[in-house]
Amino acid sequence: MYNPNSPSNWSWSKAFDEMNKYVHQTEMTQQSINHVLNYPGEANGVFMSLDKSQQDDVYEILNQII
């Protein structure tokens with residue numbers, strides 16, 4: 001059965017638009033984490049020192065913002 005919302009049925013334009021949206025959201029999430037938690041760009045930043053539930057909380061808040 002044909003489903004217009006299935007990615008296999010998207011036009012190239014829609015597929016690239018969706019990819020750009022995903023990449024933009026990923027970049028904004030990463031930048032937000034960096035700014036909010038003063039991440040110095042190293043593996044020992046503040047975000048990395050949070051436990052799993054605290055990291056999940058940060059992602060949940062960012063998803064609501066973005």
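This report describes the fold, core, polar contacts and surface of a predicted protein model.

## Overall architecture

The protein contains 3 helices and 0 strands. Along the sequence, its elements follow the pattern α-α-α. Two of these helices recur in the sections below: helix H1, which spans residues 12-36, and helix H3, which spans residues 52-65.

Of the 66 residues of the protein, 12% count as buried. The accessible surface amounts to about 5500 Å², and carbon and sulfur atoms account for 55% of that area.

## Nonpolar core

The largest nonpolar core consists of 5 residues, namely Ile33, Leu37, Phe47, Val58 and Leu62. In soluble globular proteins, nonpolar side chains tend to be buried together.

One member of this core, Leu62, can be followed through its contacts. With residues up to four places away in sequence left aside, leucine 62 touches Thr29, Ser32 and Ile33. Of these contacts, Ile33 is itself listed in the core.

## Glutamine 55

Glutamine 55 belongs to helix H3. Its relative accessibility is 17%, and glutamine 55 therefore counts as buried, since the limit for that class is under 20%.

What does the side chain of glutamine 55 reach at 3.4 Å? The partner is the backbone oxygen of leucine 50. Leucine 50 also appears among the residues that glutamine 55 touches, together with Phe47 and Met48, when residues up to four places away in sequence are not counted. Phe47 is in turn a member of the largest nonpolar core, so that glutamine 55, buried at 17% relative accessibility, touches a core residue.

## Salt bridges

The count of salt bridges comes to 2. One of them joins lysine 21 to glutamate 18, with the closest N and O atoms 3.8 Å apart. Both residues lie in helix H1, and their spacing of 3 residues corresponds to about one turn of the helix. Lysine 21 is exposed, with a relative accessible area of 52%, whereas glutamate 18 is partly exposed, with a relative accessible area of 29%.

Another salt bridge links aspartate 56 and lysine 52, where the closest N and O atoms are 3.1 Å apart. Aspartate 56 and lysine 52 are separated by about one helical turn because they stand 4 residues apart in helix H3. For aspartate 56 the relative accessible area is 36%, which makes this residue partly exposed. Lysine 52 has a relative accessibility of 57% and therefore counts as exposed, the limit for that class being over 50%.

## Surface patch on helix H1

Which residues make a nonpolar surface patch of about 300 Å²? The patch is formed by Met19, Tyr22 and Val23. Valine 23 is placed in helix H1. At 33% relative accessibility, valine 23 counts as partly exposed; residues qualify for such a patch with over 30% relative accessible area.

## The segment before helix H1

Serine 11 is located in the segment before H1. With a relative accessible area of 43%, serine 11 is partly exposed. A polar atom of the serine 11 side chain lies 3.1 Å from the backbone nitrogen of lysine 14.

How values were computed
Residues are numbered from 1 along each chain as its sequence is written. This is a predicted model: local features need pLDDT of at least 70, side-chain atom pairs count only at pLDDT 80 or more; totals for chains, interfaces and linings use all residues. Side-chain values use heavy atoms; hydrogens and water are left out. Helices (H or I, at least four residues) and strands (E, at least two) are DSSP runs, numbered from the N terminus. Buried means under 20% relative accessible area, exposed over 50%, partly exposed in between (1.4 Å probe, protein chains only). Accessible areas come from the Shrake-Rupley method with a 1.4 Å probe; for residues, only the protein chains shown count as cover. A nonpolar core is a set of buried Ala, Val, Leu, Ile, Met, Phe, Trp, Tyr and Cys residues joined through side-chain atoms within 4.5 Å. Contact means heavy atoms within 4.5 Å. A polar contact is a pair of N or O atoms within 3.5 Å; within protein, one must be able to donate a hydrogen and the other to accept it, and residues adjacent in sequence count only if both atoms are side-chain atoms. A salt bridge is a side-chain nitrogen of Lys or Arg within 4 Å of a carboxyl oxygen of Asp or Glu. Patches are made of residues with over 30% relative accessible area and no salt bridge: like charges are joined within 9 Å, nonpolar side chains (Val, Leu, Ile, Met, Phe, Trp, Tyr) within 5 Å.
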